[in-house]
Amino acid sequence: MEHDTNKNEMRPKKRQTSLDKFGKNKFTIKMKKKLVALGFLVLLAFVGLVVRLVFLVRDNGDSYKKQVLSQREYASAVIPYKRGSIIDCNGTVLAASEKVYNVIIDSKAILVKEEYLEPTVSAVSSVFGVDAKELREYITSHPTSQYYVCKRKQSYDAMNAFEMLASGENGVNVKGVWFETEYQRSYPQGSLACDVIGFTTGMDGDGMYGLEQFYNDVLSGKNGREYGYLDEDLNLERTTVAAENGYTLVTTVDANIQSIVERHLKKFNDTYANAHREGLGAYNTGCIIMNPNSGEVLAMASYPNYDLNTPYDLSSVYTQEQIEEMTQEEYTTELNALWKNFCITSTFEPGSTGKPFTVATGLETGAMNGGETYYCPGYLTIGDYQIHCHNRLGDGQVGVEKAISSSCNVALMQMAQSIGKKNFLKYSKAFNFGLKTNIDLSGEARTESLVFNEKTMFETELATASFGQGYNVTMIQLISAYCSLINGGNYYQPHVVKQILNSDGAVVKNIEPRLLKQTISESTSDAVRAYCNAVVEDGTGKAAKPTGYTMGGKTGTAEMVPRNQGNYVVSFIGYVPADNPEVVIYVVVDRANQAKQDNSKLASVLVHDIMTEVLPYMGINMTEVVTDAEKEKVQESQTGYLYEEKEAAEREAAEREAAEREAAEREAAENGNGNNGTTQEQPKREVKIDPETGYAIDPLTHELLDPETGEAIDPNSSFMERINPEE
């Protein structure tokens with residue numbers, strides 16, 4: 001028994017389990033407790049998550065909403081703005097924006113069915129001229145593409161023709177083509193006022209040059225947008241933000257006057273092209289017409305010009321063969337030169353058109369009283385130079401008026417000596433030389449470094465500056481300053497825009513004339529105007545006088561640097577009527593295509609032709625009698641403008657006034673009265689005549705001279721000659 005007991009003790013104990021009567025494990029209390037605890041923890045976590053979500057939605061709901069929505073399909077379309085128009089003072093459209101259509105191809109939609117491809121390609125090709133092979137290759141090689149611009153800037157008529165085709169019986173299988181609208185800039189008048197207007201470039205249509213660039217922010221609008229969150233059927237709501245169109249510019253330019261100017265500039269070029277050298281009639285020819293009493297620019301043009309609709313075309317200047325031979329750099333350089341506005345960007349020495357400013361300075365400072373006389377032997381020695389008059393035979397004894405009318409350099413140099421450097425520079429700045437006029441056009445040149453100052457002006461520089469040499473100006477600088485000389489001394493800021501309108505035509509801003517300063521007194525202005533009147537009546541500017549009108553003005557001939565090369569800029573600046581100026585014109589011819597360039601009549605005749613046509617159009621009444629032949633010539637020159645015939649009483653009054661003026665001048669000359677600056681007796685130097693040529697011989701330089709005008713025959717002759725110290 002003991003042995004058995006020990007055996008039982010040595011057997012391993014069995015694991016105790018809870019079994020039910022069927023022999024399966026029982027779910028104990030301990031296990032139940034664990035399960036309840038686990039369930040409670042899960043419930044607690046779920047409650048915590050719900051609470052957290054509530055707080056997230058409350059605090060960051062908008063942010064998460066945006067993230068969710070951003071993952072959905074989003075449809076958006078830009079609504080382009082319309083760039084503002086540019087119109088002339090009479091409402092003629094100079095620049096406008098037209099709605100055009102881009103042809104968009106959706107390859108994915110076209111390839112939904114095989115039978116859509118060929119009809120669609122054929123329709124697009126036939127209406128828009130797209131290469132069918134290239135279009136087919138693009139569609140098949142880009143099966144998932146939904147946006148491909150196959151043709152840009154199509155007209156409404158072309159777009160409408162395609163839609164009519166697609167909606168007809170033959171267009172059942174034309175799919176996957178839609179249109180995107182935008183605006184294209186157009187210039188209905190072609191090249192008219194191209195320098196003033198400028199053009200747009202690039203996809204955004206940003207302005208380049210002229211008004212397009214200067215007023216780019218005003219002309220530009222703001223794109224709108226149409227957008228919405230779409231379901232599979234594209235049925236969700238759309239939201240549209242309308243585009244804001246640009247403003248319209250109303251300019252001071254008169255398209256009729258502008259066209260007259262440009263026609264005569266082209267005629268000048270056609271007349272002189274290839275005359276002495278291969279090329280245009282002049283390197284540049286410019287003209288500005290301005291209202292002297294407001295600073296409004298009525299016309300501004302230069303030649304050569306270009307078509308604003310095709311600004312990258314050089315065919316107006318070069319042959320196709322010459323263009324093809326250009327390098328890319330040369331081509332770009334020539335384009336930039338063509339696009340620049342000669343009237344505001346190019347600088348040159350004004351020549352004798354600067355003389356009235358010297359006289360005005362002398363009168364205003366008290367250095368002169370107008371009764372002075374000067375002796376001109378044909379030259380004046382200044383420092384180490386003999387500086388010649390254009391009449392190398394000498395003008396003899398001249399008063400102030402004669403000095404201006406005959407354009408005597410020597411008299412002007414003597415005036416400058418009495419004025420002095422300080423006063424000369426002071427009034428040069430008052431006339432705005434060296435400063436920008438701030439005309440509302442892009443590209444105006446800075447000339448501060450191109451005029452004299454206290455450190456750069458010495459006696460020789462003062463002498464040459466007195467007759468417009470040695471310093472540079474732009475056309476807009478000179479005409480703006482000259483207006484103040486003859487309008488009573490009022491310097492107006494030149495401007496080209498007078499109104500800004502919104503897209504509904506309402507006035508947003510009126511740009512009134514801006515009087516900047518008083519340059520000279522009214523009495524000085526009256527005196528200068530009288531001197532300039534004599535230039536046209538009996539001086540160097542006779543050729544500029546328009547038929548039937550009194551005119552004042554000044555010729556200019558400036559020798560270019562380097563000297564002695566025969567290169568000249570000639571010009572004429574004038575005003576009408578002579579006693580009460582209503583319009584000022586300035587014409588500049590840069591290196592005319594002539595063997596002898598220093599002929600101011602080239603500019604004067606241009607002024608005559610332009611103003612003879614412009615003045616009747618402007619309604620400015622004639623003040624002088626014209627013959628039937630002159631009347632007929634004027635009528636022939638005018639393009640659609642009626643000649644305004646004068647009444648008999650007005651003609652008689654003009655004749656009577658002219659007779660009285662001649663009698664008064666004759667009496668003054670006989671009495672030798674020099675108080676008003678009229679011409680005194682003019683002794684001449686003894687001059688020998690070359691028996692072989694018939695030309696006069698300058699006793700100082702032995703150059704050949706015209707015996708009537710005293711001008712040098714050699715076009716390379718300079719107005720300055722260095723004195724040999726050994727002589």
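**Notes on helix packing, cavities and odd backbone spots**

1. Let's start with two helices: α14 passes α19 in a left-handed crossing (the near helix is turned anticlockwise from the far one by less than a right angle; clockwise would be right-handed). Helices here are DSSP runs of H or I with at least four residues, strands are E runs of at least two, and both are numbered from the N terminus. Before going on, note that this is a predicted model, in which local features need pLDDT of at least 70 and side-chain atom pairs count only at pLDDT 80 or more, while totals for chains, interfaces and linings use all residues. Residues are numbered from 1 along each chain as its sequence is written, and side-chain values use heavy atoms, with hydrogens and water left out.

2. How do α14 and α19 sit against each other? Their axes are 11 Å apart and the packing angle is about 45 degrees (axes are lines fitted to C-alpha atoms over the stretch in contact, and angles run from 0 to 180 degrees between N-to-C directions). The pair is therefore oblique (under 35 degrees is roughly parallel, over 145 roughly antiparallel, 65 to 115 roughly perpendicular, and the rest oblique). The contact (heavy atoms within 4.5 Å) joins Pro356, Phe357 and Ala360 of α14 to Leu478, Ala481, Tyr482 and Leu485 of α19. By class, this contact has 7 nonpolar residues, no polar and no charged ones (Ala, Val, Leu, Ile, Met, Phe, Trp, Tyr, Cys and Pro count as nonpolar, Asp, Glu, Lys and Arg as charged, the others, Gly among them, as polar).

3. Follow α19 (475–486) onward to α20 (522–538): their axes come within 7 Å and cross at roughly 105 degrees. That angle makes α19 roughly perpendicular to α20. In α19, Tyr482, Ser484, Leu485 and Ile486 do the touching, and they meet Ser525, Val528, Arg529 and Cys532 of α20. This contact holds 5 nonpolar, 2 polar and 1 charged residues. Have a look at Tyr482 and Leu485, as they meet α20 and also take part in the contact with α14.

4. Now back to α14, which has α17 as a partner too: these two pack at about 115 degrees, with axes 10 Å apart. They are therefore roughly perpendicular to each other, and α14 passes α17 in a right-handed crossing. From α14 come Thr358, Thr361, Glu364 and Thr365; from α17 come Asn423, Phe424 and Tyr427. The class split for this contact is 2 nonpolar, 4 polar and 1 charged.

5. How many cavities of 30 Å³ or more are there? The search of the whole structure turns up 3. A cavity is a set of points on a 1 Å grid over the protein atoms alone where a 1.4 Å probe fits but cannot get out, and its lining residues have an atom within 4 Å of a point. Points are joined across faces, edges and corners, and volume is the space filled by probe spheres set on them.

6. The largest cavity has a volume of about 70 Å³. α14 (355–365) and α17 (421–430) each supply at least two of its lining residues. Among the lining residues are Thr358, Thr361, Phe424 and Tyr427, which also belong to the α14–α17 contact. Phe357 is in the lining as well, and it also takes part in the α14–α19 contact. Overall, the lining has 7 nonpolar residues, 4 polar and no charged.

7. The second largest cavity comes to about 60 Å³. Its lining includes Asp195, Tyr209, Trp339, Lys340 and Leu441, and by class it has 4 nonpolar, 5 polar and 2 charged residues. Tyr209 deserves a second look: its phi is positive, about 65 degrees, although it is not a glycine. You'll find Tyr209 in the loop between β7 (206–208) and α8 (210–214).

8. Finally, which peptide bonds are worth checking by eye? Most peptide bonds are trans. Tyr303 and Pro304, however, are joined by a cis bond with omega about 10 degrees, and Pro304 lies in the loop between β12 (297–303) and α11 (320–325). Val576 and Pro577 are also joined by a cis bond, with omega about -15 degrees; Pro577 is in the loop between β22 (568–576) and β23 (583–592).

Notes. 1 Å grid on protein atoms, 1.4 Å probe; cavity = no way out; pocket = protein on both sides within 12 Å on 5 of 7 lines; lining within 4 Å.
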